Each structure stands twice: as C-alpha cells, then as structure tokens.
Amino acid sequence: MKTPFEAPIGRDLYVVKTGDWRFQKPVVNSEKCTLCGICFIFCPTNSIRKTENCYEADLDTCKGCGICANECHASAITMEMERRG
Ligand code: SF4
Ligand code: SF4
C-alpha cells in the first residue's frame, strides 16, 4: 500500500510525491538482510516495506536520503544512482 504525503499549503492539502526528488535509490541485498527492521524504523518518509523475505523501498515516496543504508548494521543496503530521462 502506497503512502503519498499530504502537505497542508494554505487551506488546501497537496499530495507530495517525494520520490520525484530522488537522484539515488536504495537497493536491498536479501542475502545480507537479517530482517531486523531498523531501516523501516529510521526511514523519514515511511517508504520501507516488508516483503515476503526481505525489505524494500517504495520508490514513489523514497527521497533517496540514504539514512536506511547508513543505519543498516548488515550493510545490506546500497545506494545506486538513478537513471532518469
Ligand atoms: S536494516 Fe538492513 S538488515 Fe535490517 S531489515 Fe533493513 S535491510 Fe535488512
Ligand atoms: S533512502 Fe531515505 S527515504 Fe528512501 S527508503 Fe531509505 S531512508 Fe527512506
């Protein structure tokens, strides 16, 4: 389930697709992941999702900050440059 951010601007609410800001994306190596959930806890945009046997980022809202990769004790997340356009 996706969670777009709604930002109050004036008296209106706008959906903010924070994924549009990203120039790099987190990629999780499922073989290294210990399923600890730390990345889920630290993600500031609530973009980390539990999958059947791992975790992954929802790229609609992931803004590419790299906090999840920095906090992962197993070094299971690497930040890769985005290809756009
Ligand atoms: S922090 Fe790293 S090891 Fe823990 S669930 Fe996330 S990807 Fe897996
Ligand atoms: S890069 Fe930042 S926004 Fe994206 S999943 Fe990791 S912590 Fe969340």
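This tour moves through a predicted model, from the whole chain to its two ligand sites and then to a single residue.

**The whole protein.** Begin by displaying the protein as a cartoon. Two helices and six strands are present. Followed from the N terminus, the elements run β-β-β-α-β-β-α-β. Next, turn on the surface, which has an accessible area of about 6,000 Å²; carbon and sulfur atoms account for 53% of that area. Of the 85 residues in the protein, 32% are buried. If contacts are drawn between residues at least 6 apart in sequence, 62% of them join residues at least 24 apart.

**Ligand 1.** Select ligand 1 and show the residues around it. Cysteines in this shell include Cys33, Cys36, Cys39 and Cys72. Also among the surrounding residues are Val28, Leu35, Ile38, Tyr55, Ala74 and Ile77. Thr34 and Gly37 belong to the shell as well. By class, the shell around ligand 1 holds 10 nonpolar residues, two polar and no charged.

**Ligand 2.** Now move the selection to ligand 2, which 13 residues surround. Which of them are the closest? They are Cys43, Cys62, Cys65, Gly66 and Cys68. The shell around ligand 2 comprises nine nonpolar, three polar and one charged residues.

**Thr45.** Finally, select Thr45, in the loop that lies between helix H1 (38-42) and strand E4 (48-50). Is Thr45 buried or exposed? Thr45 counts as buried because its relative accessibility is 6%, and the cut-off for buried is under 20%. Add Ser47 to the selection: the side chains of Thr45 and Ser47 are joined by a polar contact of 2.6 Å.

Methods. Residues numbered from 1 in each chain as written. Chains lettered and ligands numbered in written order. Predicted model: local features only at pLDDT ≥ 70, side-chain atom pairs only at ≥ 80, totals over all residues. Heavy atoms only, no water. Helix = DSSP H or I, 4+ residues; strand = E, 2+ residues; numbered from the N terminus. Buried < 20%, exposed > 50% of the residue type's maximum accessible area, 1.4 Å probe, protein only. Polar contact = N/O pair within 3.5 Å; in protein donor to acceptor, adjacent residues only side chain to side chain. Near = heavy atom within 4 Å. Nonpolar A, V, L, I, M, F, W, Y, C, P; charged D, E, K, R; others polar. Contact = heavy atoms within 4.5 Å. Areas by Shrake-Rupley, 256 points an atom, 1.4 Å probe, with all protein chains shown as cover.
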